[in-house]
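The following exercises ask the reader to work from the sequence and coordinates to a description of the fold. Each task is followed by a solution in steps.

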Amino acid sequence: MDAFFAAAEQAAKPSLRGKPVVVGGIGGRGVVSTASYEARVFGVRSAMPTAQARRLCPNAAYLSPRFTLYRQVSEVVMELLHALSPLVEPLSLDEAFVDLEAGGVPAETAAVRAVGEQLRRDIRSATGLTGSVGLAGAKLLAKIASEAAKPDGLVVIEPGTERELLGPMTARTLPGVGPATAEALRRAGIHTVAETAEAGEAELVRLLGKAHGAGLYAMALGQDDRPVVAERDAKSISVEDTFEVDLTDRARVRSEVLRLADRCVQRLRAAGRSGRTVVIKVRNYDFSTLTRSETLRGPTDDPAVIREAAVRLLEMVDTTGGVRLLGVGVSGLADFTQEDLFAQLATEREAAESASAAAAQQAAGGPERQEPEEERPRRWDPGLDVVHDEYGAGWVQGSGVGRVTVRFETPWSAPGRVRTFAVEDPALRPGEPLPLVGGAPAGGQSSEPAILPKFLSPEPGGTGSEVGEEISKR
């Protein structure tokens with residue numbers, strides 16, 4: 001998919017179409033996840049600090065990610081890919097390898113090109129977004145072809161032309177060539193893929209070691225025999241948070257670790273898995289990062305067990321200088337759970353003691369008085385969906401000093417009007433993402449009567465079937 005997160009936001013927000021959009025962490029320590037092509041003109045790139053992106057492109061729309069929407073679109077695209085072949089290997093929400101031969105497509109240029117072009121049309125029709133297709137005889141080459149096809153294109157690498165295509169590219173193009181490997185090659189006078197191949201396998205093995213050197217030499221020749229693997233089993237499940245201000249209070253660090261442990265358990269259970277190794281990750285104020293792990297006696301998804309292990313691991317880490325990132329993960333995944341009886345007994349004992357204390361207090365002083373919990377203020381991050389009782393569906397443009405600014409528009413409307421409310425306005429509430437194509441859901445959020453995008457709108461007097469025919473022609 002082309003600039004997937006940013007493109008999805010532009011499709012959902014008519015006022016942002018054709019304008020620079022950056023999706024990612026919006027805080028001072030945020031990182032760019034995706035930049036639209038309009039923002040890339042200014043030098044904004046993925047993985048760039050958001051603060052740097054703001055300096056390069058101050059007029060861009062900086063939005064928080066909406067993964068619910070991205071997953072919905074991704075599921076539609078992956079269904080289209082599975083219709084082509086039983087062998088689909090997802091790499092992320094917006095990218096996958098597909099073995100067309102397993103789907104019965106003849107190994108002929110005309111045949112695979114026709115499949116690729118039809119796939120692009122189907123993606124546009126089903127999602128309103130564009131995708132780029134790379135076709136080749138190996139995963140390495142297909143990946144390179146898809147990058148060359150962006151945006152909204154298709155590139156076929158004909159058999160026998162691989163080395164000619166790869167030769168002028170930098171060595172960093174090849175998988176496994178990161179900054180350290182690239183520097184080792186540079187010191188040896190190797191800069192391009194052609195120079196990598198000319199160096200020979202023996203020289204690469206001497207520079208990089210046997211496994212890495214031999215693999216890199218094969219890649220430089222355009223040889224990649226990795227199969228498309230339909231099921232890639234996750235090795236671990238983890239969550240992490242970066243904080244706007246370094247955490248120096250030990251109690252706060254501990255509470256954040258407990259919160260992350262609970263989130264990790266939620267993801268673990270959603271995946272129907274358990275794990276035997278608990279891992280914490282701590283990034284200090286000076287960017288130094290360390291991990292600590294503990295292997296349990298058996299796999300578990302018990303939140304008490306994982307919380308206790310995470311806290312024990314935290315005790316092994318000095319956080320007095322300040323913590324900018326914390327993470328909790330579980331590895332050694334399994335499909336069954338082996339309960340920790342000691343943790344279970346401790347949890348039951350703690351519950352019993354709490355119940356006894358409450359009963360004693362009630363007997364001494366009558367019904368226990370419950371202090372009302374302080375209601376947490378609602379957080380209105382830029383880009384998130386909202387619904388207003390009077391104005392309908394919209395999205396947050398920004399908030400501050402007790403006010404929140406909302407633009408009311410849908411994926412099918414013209415650019416909408418902007419209105420400002422108090423952050424605690426009872427008529428304003430969080431919403432759910434609207435579908436990018438197909439009109440507003442029945443009984444769902446709506447504002448003005450839905451207007452289809454131009455490329456989906458029938459001519460006056462036309463029918464919906466004519467729209468479908470026009471899409472297939474395009």
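Of the 474 residues of the protein chain in this predicted model, 41% count as buried. The chain has 15 helices and 16 strands. Among contacts with a separation of 6 or more, 58% are between residues 24 or more positions apart.

**Exercise 1. Determine how far helix α1 is enclosed, and identify what surrounds it.**

Step 1. Begin with accessibility, for which the cut-off is under 20% relative accessible area for a buried residue. The residues of α1 that meet it are Phe4, Phe5, Ala6, Ala7, Ala8, Glu9, Gln10, Ala11 and Ala12.

Step 2. Compare with the length of the helix. Nine of the nine residues of α1 are buried, so the helix is largely enclosed by the rest of the structure.

Step 3. Identify the surroundings. The buried residues of α1 pack against the strands β1, β2 (32-35) and β3, and against the helices α2 (37-40) and α4.

**Exercise 2. Describe the packing of α1 against α4: what is the relation of their axes, and which residues make the contact?**

Step 1. Consider the axes. Those of α1 and α4 come within 10 Å and cross at roughly 100°.

Step 2. Classify the angle. The range from 65 to 115 degrees counts as roughly perpendicular, and α1 and α4 are therefore roughly perpendicular to each other.

Step 3. List the participants. From α1 come Phe4, Phe5, Ala8 and Glu9, and from α4 come Phe67, Leu69, Tyr70, Val73 and Ser74.

Step 4. Sort them by class. The contact comprises seven nonpolar residues, one polar residue and one charged residue.

**Exercise 3. Locate the largest nonpolar core and state which elements build it.**

Step 1. Find the core and its best-connected members. The largest nonpolar core has 34 residues, and those with the most contacts inside it are Phe4, Val21, Tyr70, Val73, Leu129, Leu135 and Leu436.

Step 2. Assign the core to secondary structure. Two or more residues each come from the helices α1 (4-12), α4 (67-84) and α5 (109-127), and from the strands β1 (21-24), β3 (61-63), β6 (133-135) and β7 (154-156).

Step 3. Rank the contributions. The most is given by α1, with seven residues.

Step 4. Examine one member. Apart from neighbours within four places in sequence, Leu135 is in contact with Leu100, Val112, Arg113, Ala145, Leu154, Val155, Val156 and Ile157.

Step 5. Look for a further core. A second, separate one of 27 residues includes Leu260, Ala309, Leu314 and Val330.

**Exercise 4. Characterise helix α6 and the loop that joins it to β7.**

Step 1. Assess the helix. In α6 (residues 139-149), eight of the 11 residues are buried, so this helix is largely enclosed by the rest of the structure. They are Lys139, Leu140, Leu141, Ala142, Ile144, Ala145, Ser146 and Ala149.

Step 2. Identify its partners. These buried residues pack against β4, β5, β6 and β7, and against α7 (162-166) and α11 (210-220).

Step 3. Inspect the backbone beyond the helix. Most residues other than glycine have a negative phi, and most peptide bonds are trans. Lys150 and Pro151 are joined by a cis peptide bond, with omega of about -10°; Pro151 lies in the loop between α6 and β7.

Step 4. Continue along the loop. Asp152 is also placed between α6 and β7; although not a glycine, Asp152 has a positive phi of about 55°. At 37% relative accessibility, this residue counts as partly exposed.

Step 5. Examine another such residue. Phe287 has a positive phi of about 75° and is not a glycine. Phe287 lies in the loop between β9 (274-284) and β10, and counts as exposed at 55% relative accessibility.

**Exercise 5. Place Asp94 and Asp301 in the fold, and decide for each whether the residue is buried, partly exposed or exposed.**

Step 1. Consult the record for Asp94. An unreviewed UniProt entry places the feature "binding site" at this residue.

Step 2. Describe the setting of Asp94. The residue is in the loop between β4 (88-92) and β5 (95-98), and is partly exposed, with a relative accessible area of 25%. Leaving aside neighbours within four places in sequence, Asp94 is in contact with Met1 and Phe4.

Step 3. Turn to Asp301. This residue is found in the loop between β10 (289-300) and α13 (303-314), and counts as buried at 16% relative accessibility.

Step 4. Relate Asp301 to Arg273. The two are 28 residues apart along the chain, and their C-alpha atoms are separated by 7.4 Å.

Methods. Residues are numbered from 1 along each chain as its sequence is written. This is a predicted model: local features need pLDDT of at least 70, side-chain atom pairs count only at pLDDT 80 or more; totals for chains, interfaces and linings use all residues. Side-chain values use heavy atoms; hydrogens and water are left out. UniProt positions are given in the numbering used here, feature names are shortened, and annotations may be inferred rather than shown by experiment. Helices (H or I, at least four residues) and strands (E, at least two) are DSSP runs, numbered from the N terminus. Buried means under 20% relative accessible area, exposed over 50%, partly exposed in between (1.4 Å probe, protein chains only). Contact means heavy atoms within 4.5 Å. A nonpolar core is a set of buried Ala, Val, Leu, Ile, Met, Phe, Trp, Tyr and Cys residues joined through side-chain atoms within 4.5 Å. Axes are lines fitted to C-alpha atoms, for helices over the stretch in contact, and angles run from 0 to 180 degrees between N-to-C directions. Angles under 35 degrees count as roughly parallel, over 145 as roughly antiparallel, 65 to 115 as roughly perpendicular and the rest as oblique. Ala, Val, Leu, Ile, Met, Phe, Trp, Tyr, Cys and Pro count as nonpolar, Asp, Glu, Lys and Arg as charged, and the others, Gly among them, as polar.
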